[in-house]
Amino acid sequence: MKTPIMPLVLHSRRLAATMLLASLSLSPIAGAAQQSSGSGTFTMKVESNIVLTNVVVRDKKTGEVVKGLKASDFIILENNKSQKVASFDYQNADEAVALKEKGTVAGKATIADMLNNNFAANTDALRDHRLIVMFFDLSSMQPEDIDRAVDAAKDYVNKKMQPADLVALVSLDTTLKVDQDFTADKTTLLHGVGRYNGSEGGGFANGATGSSDGTADDASSYTADDTEYNSLNTDRELYAIRDIARSLGHVDQRKSLLYFSGGLTRNGIENQASMRAATNEAVKANMAIYSVDSRGLEAIPPVGNASTGSLRGTAAYSGAAVQSGLSGNFASQETLATLAVDTGGKAFLDSNDFAPAFQQIQHDTEAYYILGFRSTDAAKDGRFRHLTIKLNRPDLKDAKLDYRPGYYAQADFQHAKTEDRELQLTEQLHSDLPATDVSLYLQALYFRVENNEFFVPVSLIVPGSQIPFIKNGDRDKATLDIIGQVKNAQGIIVGNARETVKLALDQAQQVQRKNIQYSTGFRLAPGRYHLKFVVRENQTGAMGSFETDLQVPDLKKVPIKLSSVVLASQRTPNTDKRAVSPLIRDGFEFIPNLAHVFRPDQHLYFLYEVYDPTRVKAGAPTAAAPTPKGLTRRETGPVHVFTSIEFLSGGLKVYETPLVEAKAVNVADRNAVEFQFDVALAQLAPGNYICQVNVIDDAGGSFTFPRTALLIKPNATVPPAPTAAPTGVPNTAGQVTPPAQ
């Protein structure tokens, strides 16, 4: 049976939390509020957060905007505690001046431009203007819904757009795109809106929930359950709103997001984290959301409409079908209403006339005050804080004030919810900006397991000095979250890793002087890959990331098919029969030494394999050497593979292990000759060495001599032993064991 070639399959995810000595030279990156340099100067880091909120003050009788107020005329209460007004501004659309179009950046293509603060780059030119973002969620709307939204937008631009109005266009189909930056040019806006049509839908409409009751009887055998897909789709749309708000955070003026959607459905608490992220980012960016249900007024007939077949069961006659339809419609509108209310906007539902949405935005942003304060509550607990704003003038006691009801406080790591923590990890994994609060080092090796497939062990090192262990009795405890991702040359994600590592170590192990090593593995076909891993310690939430390119070689093109050469200073017992890692041999697992730094009192272990060695003569397969599954049938017979390891210092050879000859394949399932060496370092002088592995296939007349650098550091308490060449005796397995001491 021929095994199909797959680009990558995540084979096993196994944890090895191993304590390594601090001789691995990984420097922590320190961060402090105040730091002294050698010159005696100090750098102080100060964090100051200001909360902005818009207030529209209208006369209760006439509805006219009350102008001319000062900062002293306002009283701000946060959770019924008085706050001091720290900043004050007044925006009046009547005072808007003609915008110079070159002052904005037009025609940006992707959301990356927004996140790089190029969206509305010239913020000074935006003063006293209405900033309106039309967001067309094409992925959630049917073609007729898109047409209605486009017609309403064109009608506004042609007939109701005022000189103070600056409009930007953003759309979401398969990606989030900035189609037009803020502009007052009606021709440009009409052209941009006209590009939206029913053919641009992304096909991300919600699917079924698995229940066949009340669904059309169309001869399908079952009703698919797309609940998980629906949750991911809703997250996708909410994160789009969050990214738009984040991109506009550097603009102080009030922003209005006109959100055209075909409904947004949450499934219980599945989308709570993304919902909170979207509303919180909008509040911080001073952006109000005006959500419009582009489906308009919907009729829900008891027995369905003419576009579907007759309903299954008795739901059409018991009222269950109508109730289900009403519940589904309400659920899709509830999220739209929540987004509007929590950000100070309004929701427009069950109406075929979308013009009031534009009128409401113009009415709310006719003239308004921007109040800023620094909260006296310094707790970063992520809780919702209610705002109450009053006027400090008796003559205006009947005035009506419009403002958002509150905001979410910042949350430090200890107060973050599980969903928020997972979101933080995922965002860092996809971020182009590396995290450097925790030092991290990664190494990837490769061993062939099939004819065109390799097992790639991945090891990560985290310095123990950067992990804040908590003392619990005679143990030091800590947890690490690790997430990783592998992409192929086309940028497609082909493998993931996710672990929560719980550490409980004896205090006598001196954790601060050691490092934590994590190991996992993937199965890969030959080719180029990109690896990225993120590690977070769960006491303070500090994170570190490491990414690198990986080339898995095509061994068919090389004369000697050699695996990676593993250098290790530890072997730990591992008797797991289900483990498939080539690093597990004879009940022990080799722990790669990533930094290649050793001490004289340690042993240096080598492990490598030679695949498909040349046979001395042809022969038929035998029971002793069968053709491995998944490998090309090869000749059997003896092999002649020689190997040794040299240590070079200053260009001179100071030691070479005895030459070992392999006469037979000893790993039949991979058609490989395995070599293990154990070299005692006690008699090697501390210093830098070049380690050369000599591999000669005598029968095939080919050879290779890979080299690597290593460092032997002197013991802290034990003086170095005199220089002398260590000796060893080769055994039948091809190992070199140290002589008895």
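This briefing describes selected strand pairings, salt bridges and local environments in one structure. The model is predicted. It holds 27 salt bridges, and one of its strands, E34 (residues 641-649), has eight of its nine residues buried. Helix H8 (residues 355-364) is likewise mostly covered, and Tyr403 provides an example of a loop residue in contact with parts of the chain distant in sequence.

**Strand E34 and its partners**

- Strand E34 spans residues 641-649 and is mostly covered, with eight of its nine residues buried.
- Eight antiparallel bridges connect E34 with strand E38 (residues 687-697); within this pairing, Ile645 has Val693 as its bridge partner.
- E34 is also antiparallel to strand E36 (residues 660-662), over three bridges, and here Thr643 stands opposite Val660.
- Strand E35 (residues 652-656) is joined to E34 by four bridges, again in the antiparallel sense, and Leu648 is matched with Lys653 in E35.
- The connection between E34 and E35 is a hairpin with two residues between the strands. Gly650, in the turn, has a positive phi of about 65°.
- Lys653, the bridge partner of Leu648, also meets Glu656 through its side chain in a salt bridge of 2.9 Å, N to O.
- Both ends of that salt bridge are partly exposed: Glu656 has a relative accessible area of 29%, and Lys653 one of 47%.

**Salt bridges between distant parts of the chain**

- Glu78 and Arg385 form a salt bridge through their side chains, at 3.7 Å from N to O. Because Glu78 belongs to strand E6 (residues 74-78) and Arg385 to strand E16 (residues 384-391), the pair ties together parts that are 307 residues apart in sequence.
- Glu78 and Arg385 are both buried.
- Asp165 and Arg130 form a further salt bridge, in which the closest N and O atoms are 2.8 Å apart. This pair links strand E10 (residues 165-172), which holds Asp165, to strand E9 (residues 130-137), which holds Arg130; the two residues are 35 apart in sequence.
- Asp165 counts as buried because its relative accessibility is 0%, and the cut-off for buried is under 20%. Arg130 is buried as well, with a relative accessible area of 5%.
- Glu422, Asp481, Arg498 and Arg536 are linked in a salt-bridge network.

**Helix H8**

- Helix H8 covers residues 355-364, and seven of its ten residues are buried.
- The buried residues of H8 are Ala355, Ala357, Phe358, Gln360, Ile361, Gln362 and Asp364.
- In an α-helix, residues three or four places apart point the same way, because there are 3.6 residues a turn.

**The surroundings of Tyr403**

- Tyr403 is located in the loop between strand E17 (400-402) and strand E18 (406-408).
- With a relative accessibility of 28%, Tyr403 counts as partly exposed.
- Neighbours within four places in sequence aside, Tyr403 is in contact with Thr53, Asn54, Val55, Leu387, Thr388 and Ile389.
- For Asn54, the C-alpha separation from Tyr403 is 5.8 Å, although the two residues are 349 residues apart along the chain.
- For Ile389, the backbone nitrogen is reached by the side chain of Tyr403 at 3.3 Å.

Methods. Residues numbered from 1 in each chain as written. Predicted model: local features only at pLDDT ≥ 70, side-chain atom pairs only at ≥ 80, totals over all residues. Heavy atoms only, no water. Buried < 20%, exposed > 50% of the residue type's maximum accessible area, 1.4 Å probe, protein only. Pairing = 2+ DSSP bridges. Salt bridge = Lys/Arg side-chain N within 4 Å of Asp/Glu carboxyl O. Contact = heavy atoms within 4.5 Å. Polar contact = N/O pair within 3.5 Å; in protein donor to acceptor, adjacent residues only side chain to side chain.
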